[in-house]
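Hi,

Here is the structure I said I would pass on. Have a look at it first, and then read on for what turned up when I went through it.

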Amino acid sequence: MNKLFLCRLLALVIPTLVISENRHLLGLRGATTTKTKKRLGTLTQPPAANVTIPIHAEKGSHHAQIYVGSPPQRQTVILDTGSRIVAFPCKPCKQCGSHVNPYFDTSRSTTHRFSKCGSCLMEGISKCSLFGRRCTMEQRYTEGSGWSGNEVEDIVWFGSPDVLESVEEHMQLAVFHAFGCQSKSKGLFQEQYADGILGLALDDRSIISASYHAGAIPRNSFSLCFTQAGGVLSLGGTLPTEHHLEQMQMTSISREHGLYSVEMVSLEVGSIVVTSSEKKPKLLARINEGKSGCLFDSGTTDTHLPSSLSDHIGNAAMEWSGGLTDFSTAKRNQAISFEEFQRMPDITFRFSNNATLVMQPQYYMEGTPVDATTGNVIPWSGVKTLANRIYIEEQDGAVLGANAMFGYDILFDAHDHQIGIAKANCSALFENSDKQS
């Protein structure tokens with residue numbers, strides 16, 4: 001199709017196409033707003049996704065492109081399995097910082113709608129003041145960041161950095177969806193590279209659930225396959241299995257709080273078992289306890305473990321590495337040679353049903369030179385200062401952040417209430433994809 005012709009059609013065709021569809025079918029209207037309930041039965045192997053989307057990494061976070069409104073406006077959002085809301089700045093926000101794309105302009109979209117009090121779509125998140133007319137939203141985070149704004153509904157879909165390609169190839173994913181139209185922000189939301197955030201937690205109001213209910217994807221699931229440079233978001237299932245390096249192993253989601261918690265059954269440093277059901281089980285309990293338990297959280301850059309494991313992991317690391325590191329704060333930043341780096345241990349997390357994730361040193365030692373295509377470490381001469389990004393400081397529970405997920409296709413399957421884990425080639429599909437265009 002001629003691109004100039006397509007550009008001229010965008011403002012006309014998209015509004016007509018979308019308005020003619022039924023909002024009840026496309027979005028949240030009329031859909032259940034309860035958290036996804038656990039499905040009983042055996043763990044199952046889900047199908048491969050029908051859609052794959054390129055993602056890119058910048059400043060410690062992994063991002064996707066979404067398109068919002070008619071005609072579409074691109075927003076770059078952090079992929080966050082630890083939260084529920086889609087949100088980004090809207091004009092005329094004066095305290096939202098400078099980001100990749102212009103603020104979303106509701107006046108340019110013929111399909112937007114401000115949610116009115118009495119019919120807020122994000123029940124339990126949105127609110128109304130006593131004399132307010134519009135549904136408002138506000139989120140605050142533990143490190144001090146936060147934002148506030150209005151609840152807005154418009155068409156939203158995932159795409160690539162190229163707007164024309166996204167319209168031609170991905171607009172069939174469009175659904176009406178409610179999001180936070182930010183009018184004020186503070187902290188990291190003002191400073192971050194991304195425009196906003198895309199919450200992917202377990203909730204029937206998520207954009208994944210909306211896409212499934214609308215028939216845009218075949219299953220209420222998605223997977224993330226991260227590299228240090230980017231990776232792939234697969235909608236409706238796993239990464240195509242030809243890119244898996246092993247069979248995917250499934251483990252049950254262990255809690256009903258709407259987040260992706262799993263039961264860890266052992267933790268190993270190198271081949272040294274630090275804790276398991278047979279060895280120091282009380283330490284294992286500290287990993288699986290706490291408010292959230294052991295949590296996969298793509299929106300957290302690093303991995304965090306309970307402080308009660310600090311000495312035990314440190315002793316095992318010293319033994320395995322020949323005294324090179326104990327994972328302590330004092331040795332957070334180390335100037336080491338390539339030969340010394342090769343003594344750093346793998347960290348192995350084993351979960352129920354024998355699902356296993358191995359965290360290699362190049363993924364937790366920030367600054368390690370890695371080939372973006374193969375994921376292999378690039379040898380270096382002399383010494384290089386690297387930073388250990390496993391923090392053993394939590395009171396209880398564990399957070400397996402983005403750096404624990406590198407080199408794996410991680411399935412988040414609301415359909416059967418399970419997590420899938422498989423080593424994968426996460427760079428194969430979009431090796432030449434640009435971050436923006």
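Start with the hairpin of S2 and S3, which has four residues between the strands. Gly69 takes a positive phi there, near 90 degrees. Before you go further, keep in mind that this is a predicted model.

Strand S3 covers residues 73-80, and six bridges join it to S2. The two run antiparallel. If you want a place to see the pairing, look at Val68, which stands opposite Gln73 in S3.

S2 has a hairpin with S1 as well, with two residues between the strands. In that one, Lys59 takes a positive phi near 55 degrees. S1 is made of residues 51-58, and it pairs with S2 in the antiparallel sense over three bridges. Here Ala57 is the residue to click on, as it stands opposite His62 in S2.

There is also S7, residues 146-159, which four bridges join to S2. S7 and S2 run antiparallel. Tyr67 has its bridge partner in S7, namely Trp157.

So how many residues of strand S2 are buried? Eight of the eight are, so S2 (residues 61-68) is largely enclosed by the rest of the structure. The cut-off behind that word is a relative accessible area under 20%. You can see the side chains of S2 pointing two ways: Ser61, His63, Gln65 and Tyr67 go one way, while His62, Ala64, Ile66 and Val68 go the other way. The residues of both groups are all buried.

Now for the cysteines. The count comes to five disulfides. With the bonded cysteines counted along the chain, the pattern reads 1-8, 2-3, 4-6, 5-7, 9-10. I'll take you through three of the links.

Let's take Cys90 and Cys181. They form a disulfide with their sulfur atoms 1.9 Å apart. The link of Cys90 and Cys181 is left-handed, with -120 degrees about the S-S bond. This pair links distant parts of the chain, the two cysteines being 91 residues apart. Cys90 sits in the loop between strand S4 (86-89) and strand S5 (113-114), whereas Cys181 belongs to strand S8 (residues 175-186). Are these two buried or exposed? Cys90 has 2% relative accessibility, so it counts as buried. Cys181 counts as buried too, because its relative accessibility is 4%.

Then there is the disulfide of Cys117 and Cys128, with sulfur atoms 2.0 Å apart. The link of Cys117 and Cys128 is left-handed, at -110 degrees about the S-S bond. Cys117 is in the loop between S5 and strand S6 (136-140), and Cys128 is in the loop between S5 and S6, eleven residues apart. Cys117 is partly exposed, with a relative accessible area of 26%. Cys128 is partly exposed as well, with a relative accessible area of 33%.

The link of Cys120 and Cys135 is another one to look at. Their sulfur atoms are 2.1 Å apart, and the link is left-handed with -100 degrees about the S-S bond. Both Cys120 and Cys135 are in the loop between S5 and S6, 15 residues apart. What differs here is how the two ends are covered: Cys120 is partly exposed, with a relative accessible area of 25%, but Cys135 is buried, with a relative accessible area of 0%.

One more cysteine for your list is Cys294, which is buried at a relative accessible area of 1%.

Last, scroll along to a sheet further on. Which strands make it up, and in what order? Three strands form an open sheet in the order S18-S22-S21, with antiparallel pairing. Strand S18 (333-337) and strand S21 (365-366) stand at the edges with a single partner strand each, so one side of each is left without a neighbour in the sheet. S18 is joined by five bridges to strand S22 (residues 383-388), and the two run antiparallel. To find that pairing on screen, go to Gln334, whose bridge partner in S22 is Leu386.

That's it from me for now. Write back if anything here is unclear.

Cheers

Key: Residues numbered from 1 in each chain as written. Predicted model: local features only at pLDDT ≥ 70, side-chain atom pairs only at ≥ 80, totals over all residues. Heavy atoms only, no water. Disulfide = S-S within 2.5 Å. Buried < 20%, exposed > 50% of the residue type's maximum accessible area, 1.4 Å probe, protein only. Pairing = 2+ DSSP bridges.
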